[in-house]
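Me: I am a first-year student learning to read protein structures. Could you take a close look at a single part with me and show how it fits into the rest?

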Amino acid sequence: MNKMEFLHEFKEQLKGLPESDVEEILYDYNEHFNIGINEGRSEEEIANSLGNPKALAREMRANYMIARAEALFSYGNFFRALFASVGLGFFNLVVVLGPFVGLAAGLFAIFISGVAIVASGLIIIVAILIPGIFTYTPSPLLGAFISLALISFGSLWTIGSLYLNKYFYIATIKYLKFNINIITSRRNGNE
């Protein structure tokens, strides 16, 4: 693969990233070729030493998505970073996506249980205000106390689950960065 083929393939694989970043990346790789040619190396040697342009582009895309998710908190950015990292190989599919799905499902269940606790407190208030809607209606004083306790506990539970989700987001982004660094260092070590 010569310089033009390498850079063309690399540019094709970088689609979706901001054009200014793509141009800067291509400029850097063009410089790699120019320096190598000045040292007397062939374009094919340089292209082989740089690696597979598709793999390089996947790593660049994953790094970009992770940096974006780290800079701007959004679940869209988070999932783009996650799937860009998973796209780096089968190992990531098992090691990153499997535990992520399990933990995310657990955190979602914790959040939903908090909402359900708040809803049960609200249902007790409805049962007190509209007697006869349910077969069992607690006494107004006992019902008010129970509903207040459930709504308070459920609200705290839900707020706590939101903080857990936030820390899970941060920890996952850090893990994805760590994972990409390992993949990049392994690739660089194999050159």
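Here is a walk from the whole chain to one helix and its neighbours.

Reply: Happy to help! This is a predicted model, in which local features need pLDDT of at least 70 and side-chain atom pairs count only at pLDDT 80 or more, while totals for chains, interfaces and linings use all residues. Residues are numbered from 1 along each chain as its sequence is written, and side-chain values use heavy atoms, with hydrogens and water left out.

Let us start with the overall picture. The protein chain has seven helices and zero strands; helices (H or I, at least four residues) and strands (E, at least two) are DSSP runs, numbered from the N terminus. Along its principal axes, the C-alpha trace spans about 90 × 30 × 20 Å. The radius of gyration of the protein chain is 27 Å, whereas a compact globule of 191 residues would have one near 16 Å. That radius is taken over C-alpha atoms, and the globule rule is 2.2 Å times the number of residues to the power 0.38. Of the 191 residues, 29% count as buried. Buried means under 20% relative accessible area, exposed means over 50%, and partly exposed is in between (1.4 Å probe, protein chains only).

Now for the part to look at closely: helix α7, which covers residues 140-189. T158 has its place in this helix. With a relative accessibility of 14%, T158 counts as buried. Leaving out residues up to four places away in sequence, T158 touches F111, G114 and V115; a contact means heavy atoms within 4.5 Å. With V115 there is also a polar link: a polar atom of the T158 side chain lies 3.5 Å from the backbone nitrogen of V115. A polar contact is a pair of N or O atoms within 3.5 Å; within protein, one must be able to donate a hydrogen and the other to accept it, and residues adjacent in sequence count only if both atoms are side-chain atoms.

T172 lies in α7 as well. T172 is buried because its relative accessibility is 10%. Its contacts, again not counting residues up to four places away in sequence, are F78 and F100. From the other side, F100 touches F78, F79, L82, F168 and T172 under that sequence limit.

F100 leads us to the core. The largest nonpolar core has 18 residues, and F100 is among those with the most contacts inside it, along with I66, A81, L82, I173 and L176. Helices α4 (53-71), α5 (75-86), α6 (90-129) and α7 each supply at least two residues of this core. A nonpolar core is a set of buried Ala, Val, Leu, Ile, Met, Phe, Trp, Tyr and Cys residues joined through side-chain atoms within 4.5 Å. In soluble globular proteins, nonpolar side chains tend to be buried together.

In α5, the buried residues are N77, F78, A81, L82, A84, S85 and V86.

Finally, two pairs show how distant parts of the sequence compare in space. N63, in helix α4, is 117 residues from I180 in sequence, with 7.3 Å between their C-alpha atoms. N63 is partly exposed, since its relative accessible area is 38%. S120, in helix α6, is 34 residues along the chain from G154, and their C-alpha atoms are separated by 9.1 Å. S120 is partly exposed too, with a relative accessible area of 27%.
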